[in-house]
Amino acid sequence: MIDTLIHARWIIPVVPEQKVYENCSLAIDQGKILALLPSAEAAARYQAREEIHLDRHALIPGLINTHNHAAMALLRGFADDRPLMDWLENHIWPAEQQWVNPEFAADGGRLAIAEMLRSGTTTFSDQYFFPEATALVARETGVRAQIAFPVLDFPTPWSRNGEDALQKGLALRDDYKSSERIGVVFAPHAPYTVGDETLRKIAVYAAEAQIPVQMHLHETAGEVERALSETGERPIERLQRLGLLGPQTLCVHMTAVNDRDIELLQTGGASVSHCPKSNLKLASGFCPAAQLLDAGINVALGTDGAASNNGLDLLAEASTAALLAKAVSGDADALPAHTALAMATINGARALGIDQVTGSLETGKSADLAAVDLGGLEQQPLHDPLSQLIYTACGHNVSDVWVAGRQLLKKRQLQTLNEREVIQRAHQWRARIAGES
């Protein structure tokens, strides 16, 4: 007797690479994967409390969004069609100073988590103000989350300075140290908002307690040029000098990259979070994802916040990453579909340091799953389910989602969030920001 048997038309475990199983089943008990085996054998071996048939679906690992600002879903479309620094300094930061508070973080977090679940994401890394509110919402809704608390050396809605942010963030980490689904890590915002003294402190804390670090890095060529002009040092060189470029470091964006940068990433063992749609929309540049992967660097996917994307659909992000890599490299073989799916799953798990827990459908791992309906008109005829998953499927094709064996999306219906209330709160925030209430 086990908890759940899921019979699927296709199962794509990601590990082993490029493998697609037909007419097989996943056996799940106490939140973990027991076995992946032919459906006939599963029916003979197990008796399940719940049996689910997905006759036209691909069952895949839950998607892992390695970079998000969840609450910024409430600023979706607020300041579109502007370059990064203008967008930040003249629009986003002033709006945040005026409106962001714990209520904003919680309501925006619910909106973002609802959207992510409905598009197959089971794990997300979040970097935003009032991380306590986002962590609480993640705990309530059942998703898996890495809460990357933001550290900046000037006042923000959440902290007075870098030291204040560190103390608040470390206290939050203590609150969740026994959580199986929620981890708390460092997120120094960017090279231009955090000084050497604060970065050195983070490097010491991170090394002593083995805490991951996430940071916006080389987001634009202008950022790199400014650093060179002011210090004679590229931002990634500065991180390396300060002891912050190691296997626990996640470098977000990395659009302006030269051979020396790649060498430093290789030597340090750091990962990269590639956010192609946000970078395209802000005209920030192109992360050379295929080149980085060929160099042995772990590259994962992030959506960035919905204010600069404007969605949180990681399947769409994977498709964009694959297409962009081909265009940038001039090579149609660059970043094939199976690699794009790996970037959205197991590579993301490695980047967040949780690849022993999730990221692939392997025995003993958490049952974090997404079922994608490939039976629609837009996916026919279906010659290759893995290819169709990346090049024709989008988040709206996701029908069901589980985290640790618990179903959080069932036939497109959210199980731990009230969709009507989430939308109503979003409408109220829009009216408030627009001065209508």
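This is a conversation about two annotated residues and two pockets in a predicted model.

Colleague: Which residues does UniProt list under "binding site", and what places them at a cavity?

Modeller: The unreviewed UniProt entry lists Glu96, His189, Glu219 and Asp304 for that feature, and in the model the lining of the largest cavity takes in Glu96, His189, Glu219 and Asp304 from this set.

Colleague: Why is His189 called buried?

Modeller: His189 has a relative accessible area of 11%, and because buried means under 20%, the word applies to His189. His189 sits in the loop between strand S8 (182-188) and helix H6 (196-209), where, leaving aside neighbours within four places in sequence, its contacts include Trp93, Gln127 and His216.

Colleague: What makes Asp304 buried, and what joins its side chain to that of His69?

Modeller: The relative accessible area of Asp304 is 5%, which is under the 20% limit, so Asp304 counts as buried. As for the side chains of Asp304 and His69, they are joined at 3.1 Å, and because a polar contact needs N or O atoms within 3.5 Å, the pair qualifies as a polar contact. Asp304 itself lies in the loop between strand S12 (299-301) and helix H12 (314-329).

Colleague: How do you know which element gives the largest share of the lining of the largest pocket?

Modeller: The largest share, 4 residues, comes from S8; the pocket holds about 370 Å³ of space, and 19 residues line it.

Colleague: What lines the second largest pocket, by class?

Modeller: Its lining has 10 nonpolar, 3 polar and 5 charged residues, with Glu17, Leu293, His338, Thr339 and Ala342 nearest the centre.

Technical notes
Residues numbered from 1 in each chain as written. Predicted model: local features only at pLDDT ≥ 70, side-chain atom pairs only at ≥ 80, totals over all residues. Heavy atoms only, no water. UniProt positions renumbered as here; feature names shortened; annotations may be inferred. 1 Å grid on protein atoms, 1.4 Å probe; cavity = no way out; pocket = protein on both sides within 12 Å on 5 of 7 lines; lining within 4 Å. Helix = DSSP H or I, 4+ residues; strand = E, 2+ residues; numbered from the N terminus. Buried < 20%, exposed > 50% of the residue type's maximum accessible area, 1.4 Å probe, protein only. Contact = heavy atoms within 4.5 Å. Polar contact = N/O pair within 3.5 Å; in protein donor to acceptor, adjacent residues only side chain to side chain. Points joined across faces, edges and corners; volume = space filled by probe spheres on them. Nonpolar A, V, L, I, M, F, W, Y, C, P; charged D, E, K, R; others polar.
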